[in-house]
Amino acid sequence: MVSKKIIYPFLLVVIFCLSGFSYSEFSIKPKYSVPNNDEDLNRRVDSLMALMTLKEKIGQTVLYTTQFDITGPSIDDNYLDYLREGSLGAMFNATGSAFTRKLQKIAVEETRLGIPLLFGYDVIHGYKTIFPIPMGEASSWDLELIEKSARISAIEASVEGLHWTFAPMVDVARDPRWGRISEGAGEDTFLCTKISEARVRGFQGDDLSQDNTILACAKHYAAYGAAQAGRDYHTVDISENTLRNVYLPPFEALVKQGVATFMTSFNEVNGVPATGNKYLLKDILRDEWNFDGFVVTDYTSINEMVHHGYAKDLKHAGELAFNAGVDMDMQGGVYLNEMEKSIEEGTISETQLNQSVRSILKLKFKLGLFDDPYRYCHEDQEKEIILSKEHLQIAREVAQKSIVLLKNDDKILPLKSDTKIALIGPLADDEFNIIGNWTARGDRDGVAVSVKEGLEARNSNFTFTKGCEISSDSRSDIANALEIAATSDVVVMVLGESERMSGEAASRTNIKLPGIQQELIKEIKKTGKPLVIVLMNGRPLDLSLESEQVDAIVEAWFPGTSGGHAIVDVLFGDYNPSGKLTVTFPMTIGQIPIHYNMKNTGRPAYIKGANERYSSKYIDAPNKPLYPFGFGLSYTTFEYGSISLDRETLSENTTINASIEVKNTGEYDGEEIIQLYIKDVIGSITRPTKELKGFKKIFLKKGESKTVIFEIAAEDLKFYKNKSGFINEEGKYEMFIAGNSDHEFTDSFNFIFSKI
Ligand code: GLC
């Protein structure tokens, strides 16, 4: 009987030869060539898979962090041991070409097959040049600029050895108590889809084999933004129709666009944790949408299925996650430590494991890592590319366009250059919070530009004092603040949250300005001086008091590295603000959840014929928000003409063109974000009172007019209805085109299924 010791290696050689594999494929070639077609790609993956042991295959499904930037509970930092054993396929929080080269060298030279590592990182709104937080950037509604910002982020990240970003976050969010509302594109599905597509275009470019394009990651799949009570990681319990019509469309759009990876969310969805949710991960993502990238978990979210009460232990959690469709385990160590046993027992199939490993290896090949594992390590280019003047200038432009002017009574803004300013507030001289959170390798102090530095750069005439802290109740500087206010022409207060008050694990039950900032406003108000507030915050705030007390409100979000310059550009009119809200600002927290397109209900309030008492409203607050979705002022004014439709009826194979003239009727050149809203009047399920279905951002010189045309197709009117999937329904559709969502319907058309 020939012993196994002889037959196995012999078999291995036979497979090796038959697979047409030449080891040189894995030697590090001076010139790289990536697979030039799917056949070549599959052949190369097959050749490698044929050589891999079970342990090496499992290794590819393991993602571990270095000891830097831990973003969750730490498990262990034995990553170097796992790396040397060939038990790691990817790492995150390793940055800098020198460091990633060092780790890659271990993977390539010290492991049996030298399979290169994938380096991932949270490059959310910039790598070193930090752009406004995503919700801020989204307020620009400028898809080209948003793509450019992601492109620069990818260029800076890739020059420092990174191959993969855990972005964009595509979670529709409608609850300002939830701190992660800051990381996405707001409350509207259509806008969130468009902005997420722009971000993926920027990250992935159109050729992943370029060494300045990186894998993007659609996260957090799915419906993370629907966490109950706005409490992070909390339960999500929503109808199939809401899941499909509100939360999933941006993810589906990114699959169609070719996003490379998905990340599962921490929350459960209707009783099943997303990380173990076969319906989401297999039935929808793979079978319905044909996603062919790989799925990574969020940080230890496999392990957390034990806490969810869905897995009896870690091994069971690993089996649930893997069999639901999760390919890679972020930081949980579950696939690392438990999967071999599950495969031996048959609760996980090696065939399925091969499928996951293939999806991971394919992307490593596409990035060119097998031909040159160090191709993203550019020690020699880092200095010239990182924080370049061009990048900082574009960051300033993005910040300018992200700023939303919410109030400007008596045109107090823009300020005149010689205005004597009293600059007050805990964020006026701040270089730390101004870049927000999830700031990758962004520098805070010394690189980011504060508002005070912005004023100094403009040689403005101002006096500064803090007046108060962000959240402490120290009143020691109020007197000083009142003193400088009394001798100024205008008071500019820079107020808001600390960067830690939004983002992950930062839900708030009170969304007013923290600390004694509101008290300071009231005190300053008593001086009778014109009062401008500039806000830095990561969520919609309850500004009901401020809206009564102050003359102007400038919503700057956390505007990033060049934020101070951008804010000052707006204050003096060097840039005429054009941003529009992508999230509703409630009148009071009691209205939450509140978004622009709630359902009509059977007893709508405040409409003709509504019963004063018995209608859907509050007895202690209005239904209307303080500032609606799509709202934002300019220093100029825009006048909208009436819509003209080129036909009254739409069918599946025709379109309608809706055109409208918009005129700049004010004193300043400026940009306007023109928005198209449509209402499906009658549906076989109740439909939102209106839905954003298009937008265009145009520049108009003062006095200039332009005609804008929106093309409406049947596809735009589809909605998901349980069991029937996405459908069109015949009937009347109303519409309007305006500068924000709070507007009456002005026109209508009919949709009919074509008779021909
Ligand atoms: C965090 C976040 C996720 C991030 C990941 C890696 O917990 O939920 O968005 O990409 O861990 O840092």
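Here is a short tour of this predicted model, from the whole chain down to its domains. Residues are numbered from 1 along each chain as its sequence is written, and side-chain values use heavy atoms, without hydrogens or water. Because the model is predicted, local features need pLDDT of at least 70 and side-chain atom pairs count only at pLDDT 80 or more, while totals for chains, interfaces and linings use all residues.

Start by showing the whole protein as a cartoon: you will find 22 helices and 27 strands (DSSP runs, H or I of at least four residues for helices and E of at least two for strands, numbered from the N terminus). The radius of gyration, 27 Å, is close to the 27 Å of the globule rule for 756 residues, so the protein is as compact as a globular protein of that length (the radius is taken over C-alpha atoms, and the rule is 2.2 Å times the number of residues to the power 0.38). Along the principal axes, the C-alpha atoms fill a box of roughly 100 × 65 × 50 Å.

Next, colour by burial. Of the 756 residues, 61% count as buried, meaning under 20% relative accessible area with a 1.4 Å probe, protein chains only.

Now select the domains one by one: domain 1 (1-30), domain 2 (31-366), domain 3 (394-591) and domain 4 (638-751), with bounds from an automatic or database domain assignment. Keep domain 2 and domain 4 on screen; their centres, taken over C-alpha atoms, are 36 Å apart. Their contact takes 13 residues from domain 2 and 13 residues from domain 4, where contact means heavy atoms within 4.5 Å.

Terms used. Buried means under 20% relative accessible area, exposed over 50%, partly exposed in between (1.4 Å probe, protein chains only).
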